[in-house]
Amino acid sequence: MNFTALVHGPGLPTTGARLPVQLDSYQLQLGLPEGRRLSLPLGELQLSVGGFNDSVWRFEWQDGQGRWSLALEDAALQQQLAAQPPAALATAIAGLRGHQRRHRAVWRLSVGAMLLWFLLPALLLGLLLWNASALTSRLAGLVPVAQEQKLGEAIWKAQQRQLRLIENTEANRAVQTIGERLTAGSRYHYRWFLARDNSINAFAIPGGVVVVHSGLIAAAGSAEELAGVLAHEVQHVEQRHSLRAMAQSLGISAGLGMIFGDLSGIAQMVTGLSQLSYSREAEREADLEGLKALRAARINPAGMPSMFETLQREAGDLQPPALLSSHPATQERIASLRAAIAASGDWPSEPLELDWPAVQASLR
Ligand SMILES: [Zn+2]
C-alpha cells in the first residue's frame with residue numbers, strides 16, 4: 001500500500017515533511033529527501049490516535065538518530081488499512097478504531113449536551129413568552145404578602161399625587177367603618193381613601209389600599225350599596241386579582257421583580273390603576289367572595305346587586321360609569337348575585353349605623 005503522510009523526525013523540518021510511504025505485510029518504507037530510504041520492521045511501530053477529535057493515527061518509532069512520527073489523517077486511508085491490516089499491525093489498528101469509535105460516541109453526546117445547554121434557555125424563553133400571561137399570574141401568586149404591601153405602598157405614593165384626596169368627612173368615616181368590618185382578620189393591612197372625582201368608581205391597589213371616588217358615594221342609594229362595592233373591591237385584593245392583573249400587564253420581568261424584591265421602576269410602570277380590568281372569572285369570584293365577606297360582617301347583602309343596578313342605569317348615558325368599564329356588571333351577573341343570596345338562606349344582619357344622607361352631604 002502506497003500513500004503520503006506527514007512525517008516528523010531527525011533531519012526533517014520542524015513542521016514536518018510530507019513523504020511517500022510504502023507499507024507492506026512486514027515493513028514500512030519511508031522515502032526521505034535526497035533519495036534516501038528508511039525501512040523498519042512493523043514490530044517496531046507504536047500506534048496511537050491523536051489530533052483534534054482523535055481523528056489522526058500516529059505511527060511512532062525510535063532509531064539511532066532519534067524519534068520519528070508519522071501522521072495518518074486521511075479517514076479513507078484509515079478505513080482501507082483497518083479493512084486489510086498487515087498481520088503484525090492488526091491488533092494495534094483494531095485498538096485505534098475502537099478508541100476512535102468510543103471517542104466519537106462521547107463527542108456526539110457532549111455536542112448533544114452542549115446544544116441542549118444553549119438551546120434550553122431559548123426553548124424556555126419561547127415557552128415563557130408563549131404562555132406569559134398564565135405564567136405571570138402564577139408568579140404573582142408567589143409574591144410574599146409583605147412584598148405585595150411594599151409594592152402597594154410604592155404604587156400608592158406614585159399615584160396619589162394625581163388624586164385630590166378628601167379627608168376627615170363623614171364619608172371618610174363611612175368608608176373606613178364599613179371597610180374595617182369587611183376586612184376583619186385579613187392578612188392585609190387595609191387603608192381607605194376618598195378621592196374628589198365625580199366618576200362613579202372605586203379601585204384597589206395590591207396590598208390593601210382602597211380608593212373610593214366621591215362620585216360613587218353620591219350615586220350609592222344607601223350605606224349597604226357602598227358596602228356591596230367595597231366587599232367586591234376588597235376581594236380583588238384578597239384574591240390578588242389586582243396583583244395578577246398588574247403582573248400580566250407589566251410582564252414577566254416585573255413579576256420576577258415582585259418576587260425577588262426589586263420594586264424599582266415597577267411602581268412607576270403602573271399607571272391607570274383605576275382602569276385595571278379583571279377577567280370574568282375574577283369578577284365572579286370577587287362577587288361571591290364579597291358576598292361571603294358581607295355575610296361574615298353581618299351586613300345586608302342586597303346592596304351589592306342594587307348598586308350594580310344603579311350602575312346599569314347610569315350606563316344608559318353616553319358615558320358609562322368608570323366602575324363598569326373595569327368591572328363589567330351585566331344583567332346576568334346581577335341575576336346570579338341575587339340567586340346566590342337567595343340560596344344562602346337565613347342572613348343574620350345588623351344595620352349599618354350610618355346616617356347616609358349626612359354622609360353624602362359631607363362631600364358637597
Ligand atoms: Zn371587580
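Here is a short tour of this predicted model, going from the whole chain to two residues worth selecting.

**Whole chain**

Start with everything shown as a cartoon and coloured by secondary structure. You'll be looking at 15 helices and 11 strands. Switch on the surface next: the accessible area is about 18800 Å², and carbon and sulfur atoms make up 55% of that. Of the 364 residues, 46% count as buried. If you draw contacts with a separation of 6 or more, 61% of them join residues 24 or more positions apart.

**Stop one: helix H2**

Select residues 90-130, which is helix H2, and pick out Trp117 there. Is Trp117 buried or exposed? Its relative accessible area is 65%, over the 50% cut-off, so Trp117 counts as exposed. Now add Met114 and Phe118 to the selection and show side chains. Together with Trp117, they form a nonpolar patch on the surface, with about 430 Å² of accessible area between the three.

**Stop two: strand S7**

Move on to residues 66-72, strand S7, and click on Ser69. Here the relative accessible area is 15%; that is under 20%, so Ser69 counts as buried.

What is Ser69 in contact with, leaving aside its neighbours within four places in sequence? Select Leu6, Val7 and His8, then Arg58, Phe59 and Glu60, and you have the whole set.

Before you leave, put a distance label between the C-alpha atoms of Ser69 and Gly16. It should read 9.2 Å, for two residues that sit 53 apart along the chain.

Conventions: Residues are numbered from 1 along each chain as its sequence is written. This is a predicted model: local features need pLDDT of at least 70, side-chain atom pairs count only at pLDDT 80 or more; totals for chains, interfaces and linings use all residues. Side-chain values use heavy atoms; hydrogens and water are left out. Helices (H or I, at least four residues) and strands (E, at least two) are DSSP runs, numbered from the N terminus. Buried means under 20% relative accessible area, exposed over 50%, partly exposed in between (1.4 Å probe, protein chains only). Contact means heavy atoms within 4.5 Å. Accessible areas come from the Shrake-Rupley method with a 1.4 Å probe; for residues, only the protein chains shown count as cover. Patches are made of residues with over 30% relative accessible area and no salt bridge: like charges are joined within 9 Å, nonpolar side chains (Val, Leu, Ile, Met, Phe, Trp, Tyr) within 5 Å. A salt bridge is a side-chain nitrogen of Lys or Arg within 4 Å of a carboxyl oxygen of Asp or Glu.
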